[in-house]
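Biologist: I am new to this structure and would like a close look at its aromatic rings. Could you walk me through them, and then show me the sheet as well?

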Amino acid sequence: MIRDITIGQYYPADSVIHRLDPRTKLVGTLAFILSLFLFRSYAAYLVATVFLAGVIRASKVPFKFMVRGMKAIVFLLLITVVFNMFLTPGEPLVRIWKLTVTREGLELAIFMAIRLTYLIIGSSVMTLTTTPNQLTDGMEKGLRPLNKLHVPVHEMAMIMSIALRFIPILLEETDKIMKAQMARGADFESGGVIKKAKSMVPLLVPLFISAFRRANDLAMAMEARGYHGGEGRTKMKPLHYQKRDRAAYLTLVVYLLAMYGAKRIAGF
Amino acid sequence: MSIKLEHVNYIYSPGTAYEKQALTDICLEFPDGQFAGIIGHTGSGKSTLIQHLNGLVRATSGTVYYNGEDIYREDYPMKDLRSRVGLVFQYPEYQLFEVDVFSDVCFGPKNLGLPKEEVEKRAYHALQQVGLKEKYFKKSPFELSGGQKRRAAIAGILAMQPEVLILDEPTAGLDPKGRDDILDQIQLLHREQGITVVLVSHSMEDIARYVERIVVMDKGRVRFNDRPEKVFEHYRELEQIGLAAPQVTYVMQALRERGMDVDIHAATVEGAAASIRSYFGNFEKRREG
Ligand SMILES: Nc1ncnc2c1ncn2[C@@H]1O[C@H](COP(=O)(O)OP(=O)(O)O)[C@@H](O)[C@H]1O
Ligand SMILES: [Mg+2]
């Protein structure tokens, strides 16, 4: 079903990458993605490839889980490549009917494909090695300075972690209700658009009711346990940078320098 | 005429980090007209197993036969099977969605493509079968009590007039009265209409009172599959897998160990009482005679 989407699917394993502070991973991922857009050259992408491969290796997550997230964007990737290839003006290479592939277009297409692919794989590495809870914890702590500007950082993080927590629950619920209605002869597949939309009612009504019921219960349970917002709330597992995080930041700096150097020195 | 499973295996999310073998080499048969029980600890695979019986879940390997026909055959009428093998899910009240109880019960038979009068006739009949009073028919399902909702949901399946009725823990979360009412009604259905019933439960007391045969599940495998009194003889093994024989079994076993000749196979309190009474009756007679 919808479970093929890798982003947001934690892969439990015991690795250095898993143990890193979520803030380190967030900053690292962001820096990696930025570097893909800042240093546009084959040599730099070679460095990025080595770096990404190294991180994947260290994460102990099987490679096939990384590429699983790619399935969702294959179509987008294809469109990007095709448009860039044909619609970029420049020195013509091949001519197919009325369309011309230009040298610049081909290059742009290749760069775009690499960027998008690495972007998805890079963020998959983060989400596969970090539980949603750690991720929101990391964001909350990392963005805490914004509190001074009256940005409700804690509330936003709380909303996000609850939403993330509810995704698998609601997916499971959908599966269950769908099966239960199918046992009553419901048909979710055949028919035209209108018939299909109508057939969703027996699924959506119970799903909404259950979502509201769960939200209500959760709010009740939180209040019963004295939740009163972020003010003065302490953490069960407070985030502290460790030695390995310092090492990771150092590696990141080396990586960025290598990217810069590769683009500057190699020059292709 | 029966449902038959041959070497059925089922794996959830194969090929992922969350891969889970839920069923291992299940071979079972549910003959026509039998009242069977499936019991097992939480997570032993009961719900997964019963979803195979009407084709909602497709076995990873193995075959399921309904009345001798392989239901995984290319052109097998799956929708037809789902109407003949009625499956009441756990907490079925969560699947109610219509504006009133009566329309909700109509959903099943309507999907069978029956004419309106027939649909309504069946819904009416089904609601009577589960003992829901007419004053509730036009109420919103969400105005009913937990037990009444449960009955309405069961009626939703009965209205399709299935040949086999499977219920997944129909008494979960109900009070003792609601529990007995529902189980008694199911038994009545079984007796009067002769439909096959498969009752899933994790309470031995519930099961012991009603069923003719017990399938005991443990970690995705069938551990025992026999008449209740035979299964209860293994009460020590049942304890090891997180279950227990009905309490009267323990009483009767203890009495037997103390040299009283009572029936250790008595599975209900009434049966046990009768057996003890008759033992004392004989005892008195021997003393007098
Ligand atoms: N949708 C699902 N996805 C993954 N695993 C599941 C799913 N449903 C059940 N399981 C797992 O399969 C096993 C059997 O579950 P289930 O058939 O629901 O047991 P029972 O009904 O006896 O409690 C359990 O270990 C459970 O965690
Ligand atoms: Mg279950």
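Modeller: Gladly! Let us start with a group of three: Phe32(A), Phe51(A) and Tyr255(A) belong to one aromatic cluster. Please keep in mind that this is a predicted model. Over all chains, the count of aromatic pairs comes to 15.

A pair of aromatic rings is described by the distance of the centres and the angle of the planes. Take Tyr11(A) and Phe65(A): their ring centres are 4.9 Å apart and their planes meet at 55 degrees, so this pair is tilted. Tyr11(A) belongs to the segment before α1 (16-19) of chain A, while Phe65(A) is part of helix α4 (residues 63-68) of chain A, so the pair ties together parts that lie 54 residues apart in sequence. Both Tyr11(A) and Phe65(A) are buried.

Now turn to chain B for another pair. The ring centres of Tyr91(B) and Tyr94(B) are 5.9 Å apart, and because their planes make 25 degrees, under the limit of 30 degrees, the pair counts as stacked. Tyr91(B) is partly exposed, with a relative accessible area of 34%, and Tyr94(B) is partly exposed too, at 37%.

Tyr94(B) has a further partner, this one from chain A: the charged end of Arg213(A) sits over the ring of Tyr94(B), 4.1 Å from its centre. There is also an arrangement of this kind within chain A, where Arg23(A) lies over the face of Tyr241(A), at 4.1 Å from the ring centre.

You asked about the sheet as well, so here is one in chain B. It is an open sheet of six strands with mixed pairing, and the order to follow is β6-β7-β8-β3-β9-β10 (chain B). At its edges are β6 (85-88) and β10 (221-226) of chain B, each of which pairs on one side only. On average, neighbouring strands of this sheet are turned by 15 degrees against each other, direction ignored.

Let us zoom in on two of these strands. Strand β3 (residues 35-40) of chain B runs parallel to strand β9 (residues 213-218) of chain B, and five bridges join them. For instance, Ala36(B) has Arg213(B) in β9(B) as its bridge partner.

Finally, look for the helix that packs on this sheet, α1 (residues 46-53) of chain B. This helix touches β3, β6, β7 (164-168), β8 (196-201) and β9 of chain B. The direction of helix α1 of chain B makes about 145 degrees with that of β3(B).

Notes: Residues are numbered from 1 along each chain as its sequence is written. Chains are lettered from A and ligands numbered from 1 in the order in which they are written. This is a predicted model: local features need pLDDT of at least 70, side-chain atom pairs count only at pLDDT 80 or more; totals for chains, interfaces and linings use all residues. Side-chain values use heavy atoms; hydrogens and water are left out. Two strands pair if DSSP finds at least two bridges between them. Helices (H or I, at least four residues) and strands (E, at least two) are DSSP runs, numbered from the N terminus. Axes are lines fitted to C-alpha atoms, for helices over the stretch in contact, and angles run from 0 to 180 degrees between N-to-C directions. Contact means heavy atoms within 4.5 Å. Rings of Phe, Tyr and Trp (its six-membered ring) pair if their centres lie within 6.5 Å; planes under 30 degrees apart count as stacked, over 60 as edge-to-face and the rest as tilted. Buried means under 20% relative accessible area, exposed over 50%, partly exposed in between (1.4 Å probe, protein chains only). A charge sits over a ring if NZ of Lys or CZ of Arg is within 6 Å of the ring centre and within 35 degrees of the ring normal.
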